[in-house]
Amino acid sequence: MTKSDLQKLLGSPDRDPGCDAGLDVIDVYCEAVVRGEPIAGRFTEFLTHLSNCTACREDTESLMAVLREQEKSGAG
Amino acid sequence: MREQAVARLHALLVRVARGVAARRRATLPARALEDVDDVCVHAANDALMAVLAKLDTYRGSARFTTWACKFVIFEASSRLRRHAWRERKVEPDETIWDRLPDAAPAALQRLEDDQLISALHHAVNEHLTERQRLVFQSAALEDVPIDVIAERLGTSRGAIYKTLHDARGKLRRALIEAGHGEAEPVS
């Protein structure tokens, strides 16, 4: 048994503000990541939420994909 | 002028919804594929309504299009998850604990030889409410998307996540008390 096996089932015990609070910052977070801005310390609770919530993690990846496509096409 | 701007925004939202569907295509059963475009258009319609209703909350922290896109991604992904599960049942299934070796996610399969499985099962039965048990077993053990659970229970993704979060907290504390795991950080 590894710690990460258990964490996948039980989630991280760190502070997690939930899906609604995540939706508030997902756009700011994705733009920061796509622009290559340093994110350490800025989105700690949101990152905990992403590690705990598959749906929000997938939505974040989707928004990131949209922004990267926009950048590639020059629309970003 | 405003109508043209709204029409352009709607077109963007439909495009983004279709992009979400394209990326999720592999998760959709064959029977669900034919309705996917309708699902995307409905998601874009609802997202447009959400954007227009929340315009006064836009603070400019991200670009307007990024801010608007998050609503259509939320709508489209939620609808597509529900669409993929529309013919499948979500109900408490005690046989999950017997079926774990075949049915569980990889993380649980690696735990199957460990006493932790029985401690976890005991904690689920002893410490969770009926609703927490349903949500934890469905979401964590059977990989049912929380949007699907939310729809079946007539509530929101956020509410189901809160139930899951509370259940996980109870289980972590119960396992620590039973001698498994480490003390939680103070938050």
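Biologist: Starting with Cys40(B): buried or exposed?
Modeller: Cys40(B) is buried, at a relative accessible area of 1%. Bear in mind that this is a predicted model.

Biologist: OK. How many disulfides are there over all chains?
Modeller: Zero, over all chains of the structure. Take Cys53(A): its nearest cysteine sulfur belongs to Cys56(A) and sits 3.7 Å away. A disulfide here needs the two sulfur atoms within 2.5 Å, so Cys53(A) is in no disulfide.

Biologist: And is Cys53(A) buried or exposed?
Modeller: Buried, with a relative accessible area of 2%. The cut-off for that label is under 20%.

Biologist: Back to Cys40(B), then. Which cysteine has the nearest sulfur, and how far away is it?
Modeller: That's Cys69(B), with its sulfur 13 Å away, and Cys40(B) is in no disulfide either.

Biologist: Cys69(B) sounds like a residue I've seen at the chain contact. Which helix of chain B does α4(A) meet there?
Modeller: Helix α3 of chain B, residues 64–84. The axis of α4(A), residues 54–73, comes within 10 Å of the α3(B) axis, and the two cross at roughly 130°.

Biologist: What do you call that arrangement?
Modeller: Oblique. Roughly antiparallel would take an angle over 145 degrees and roughly perpendicular one of 65 to 115, so a crossing at roughly 130° gets the oblique label.

Biologist: Left-handed or right-handed crossing?
Modeller: Right-handed, as α4(A) passes α3(B).

Biologist: Which residues make the contact?
Modeller: From α4(A) you have Ala55(A), Glu58(A), Asp59(A), Ser62(A), Leu63(A), Val66(A) and Leu67(A). On the α3(B) side there are Thr66(B), Cys69(B), Lys70(B), Ile73(B), Phe74(B), Ser77(B) and Arg81(B). So yes, Cys69(B) is one of the contact residues.

Biologist: How do they divide into nonpolar, polar and charged?
Modeller: Seven nonpolar, three polar and four charged.

Biologist: Switching topic: where is His49(A), and is it buried or exposed?
Modeller: His49(A) is in helix α3 of chain A, residues 44–52. With 0% relative accessibility, His49(A) counts as buried.

Biologist: What does His49(A) touch, leaving out residues up to four places away in sequence?
Modeller: Within chain A, His49(A) touches Asp16(A), Pro17(A), Gly18(A), Cys19(A) and Cys56(A). Over in chain B, there's a contact with Tyr161(B).

Biologist: What about α8(B)? Which residues are buried there?
Modeller: In α8(B), residues 146–153, the buried ones are Ile146(B), Asp147(B), Val148(B), Ile149(B) and Ala150(B). They pack against α2 (19–35) and α4 of chain A, and also against α3, α7 (130–141) and α9 (157–177) of chain B.

Biologist: And what follows α8(B)?
Modeller: Gly154(B), with a positive phi near 70°.

Biologist: Quick overview before I go. How many helices and strands in chain A and in chain B?
Modeller: Chain A comes to four helices and zero strands, and chain B to nine helices and zero strands.

Biologist: How much of each chain is buried?
Modeller: Of the 76 residues in chain A, 47% are buried. For chain B, with 187 residues, the figure is 45%.

Biologist: What share of contacts with a separation of 6 or more comes from residues 24 or more positions apart?
Modeller: In chain A, such pairs account for 63%, and in chain B for 68%.

Biologist: Last one: what box do the C-alpha atoms of chain A fill?
Modeller: Roughly 45 × 20 × 20 Å, taken along the principal axes.

Technical notes:
Residues numbered from 1 in each chain as written. Chains lettered and ligands numbered in written order. Predicted model: local features only at pLDDT ≥ 70, side-chain atom pairs only at ≥ 80, totals over all residues. Heavy atoms only, no water. Axes fitted to C-alpha atoms, helices over the stretch in contact; angles between N-to-C directions. Parallel < 35°, antiparallel > 145°, perpendicular 65-115°, else oblique. Left-handed = near helix turned anticlockwise from the far one by under 90°. Contact = heavy atoms within 4.5 Å. Nonpolar A, V, L, I, M, F, W, Y, C, P; charged D, E, K, R; others polar. Buried < 20%, exposed > 50% of the residue type's maximum accessible area, 1.4 Å probe, protein only.
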